[in-house]
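Thanks for coming. I'll walk through one model this morning, and you can follow along on the screen.

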Amino acid sequence: MALVLYFQPMVLPLIKRKGFILRPWDPADALALVKHANNPRVAANLRDGFPYPYTLEDAKRWLQMVGSNQEDVILAIEVRGEAAGGIGLHGMKDVYRYNSEIGYWLAEVHWGKGIASEAVGAMVKFAFEETQWLRLFASVYENNPASMRVLQKNGFSPEAIHRKAVMKGGKLMDEHLYALLKDQWLASSAASSSSD
């Protein structure tokens, strides 16, 4: 008899940190989303589903999609009272069902302040303490070493380089794959707690 696992729809968390909040997106975020997402330097690091230019129609369509999503954890990064970025955990299917892809972006005005690193850390903690996922992974383009550092600061290790796998902005680039296992994270968390 086969073991069948049933996963419940995600309950979106509210995670407060000094300087920012991770919270569910709201339709009222549309103008802030356009303000911060309509930036070629932000779009350059993301998949083509994140367009540039980023219009109000794009924002409304995306917020509607996020509002009906029952499977993934997709949150706004709220800084100083407005949505200034996003972070998400996107669960895989079939034999990969214990894997989740983590993705994130942040308004350029907030780069270099540690917000992305802390937001990723908060989502890792949520994923491994509150969900069934056992492995988190992220894909980063070769021209984005800052994002690689964000992942490394949170315990992710490089697993592979997919050579010339990404066509972005008319350039063929390598894609770097990073991953973090729940067991690895738990061991690291326990070691940190015992040294405090």
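Helix 1 passes helix 3 in a right-handed crossing. Keep in mind that this is a predicted model. Two packed helices are described by the angle between their axes and the distance between the axes. Here, helix 1, residues 30-37, and helix 3, residues 56-68, pack at an angle of about 120 degrees, and their axes are 9 Å apart. That angle makes helix 1 oblique to helix 3.

Which residues of helix 1 meet helix 3? On the helix 1 side they are A30, L31, L33 and V34. On the helix 3 side they are L56, A59, K60, W62 and L63. Sorted by class, the contact has eight nonpolar residues, no polar ones and one charged residue.

Helix 1 also has a place against the sheet. The helix lies across strand 4, residues 82-91, and strand 5, residues 99-106. Relative to strand 4, helix 1 runs at about 90 degrees.

Now the sheet itself. It is open, with eight strands in the order 1-2-3-4-5-6-8-7, and the pairing is mixed. Which strands stand at the edges? Strand 1, 15-17, and strand 7, 157-168, do, and each has a single partner strand, so one side of each is left without a neighbour in the sheet. Direction ignored, neighbouring strands are turned by 25 degrees against each other on average.

Let me start from the strand 1 edge. Strand 1 and strand 2 run antiparallel and are joined by three bridges. Within that pair, K16 stands opposite I21 in strand 2. The two strands form a hairpin with two residues between them. In the turn, G19 has a positive phi of about 100 degrees.

On to the next pair. Strand 2, residues 20-24, pairs with strand 3, residues 73-79, in the antiparallel sense, over four bridges. Two residue pairs are worth pointing to on the screen. L22 has I77 in strand 3 as its bridge partner, and R23 has A76 in strand 3.

A couple of backbone details next. Most residues other than glycine have a negative phi, and most peptide bonds are trans. Where does this model depart from that? R80 is not a glycine, yet its phi is positive, about 50 degrees. R80 is found in the loop between strand 3 and strand 4. As for the peptide bonds, the one joining Y52 and P53 is cis, with omega about 0 degrees. P53 sits in the loop between helix 2, 40-43, and helix 3.

Last, the whole chain. How many helices and strands does the protein have? There are six helices and eight strands. Along the sequence, the pattern reads β-β-α-α-α-β-β-β-α-β-α-β-β-α. The radius of gyration is 17 Å, close to the 16 Å that the globule rule gives for 196 residues, so the protein is as compact as a globular protein of that length. Taken along the principal axes, the C-alpha atoms fill a box of roughly 50 × 45 × 35 Å.

To go back to where I began: the crossing of helix 1 and helix 3 is right-handed, and helix 1 also lies across strand 4 and strand 5. That's what I have.

Technical notes: Residues are numbered from 1 along each chain as its sequence is written. This is a predicted model: local features need pLDDT of at least 70, side-chain atom pairs count only at pLDDT 80 or more; totals for chains, interfaces and linings use all residues. Side-chain values use heavy atoms; hydrogens and water are left out. Axes are lines fitted to C-alpha atoms, for helices over the stretch in contact, and angles run from 0 to 180 degrees between N-to-C directions. Angles under 35 degrees count as roughly parallel, over 145 as roughly antiparallel, 65 to 115 as roughly perpendicular and the rest as oblique. A crossing is left-handed if the near helix is turned anticlockwise from the far one by less than a right angle, and right-handed if clockwise. Contact means heavy atoms within 4.5 Å. Ala, Val, Leu, Ile, Met, Phe, Trp, Tyr, Cys and Pro count as nonpolar, Asp, Glu, Lys and Arg as charged, and the others, Gly among them, as polar. Two strands pair if DSSP finds at least two bridges between them. The radius of gyration is taken over C-alpha atoms; the globule rule is 2.2 Å times the number of residues to the power 0.38.
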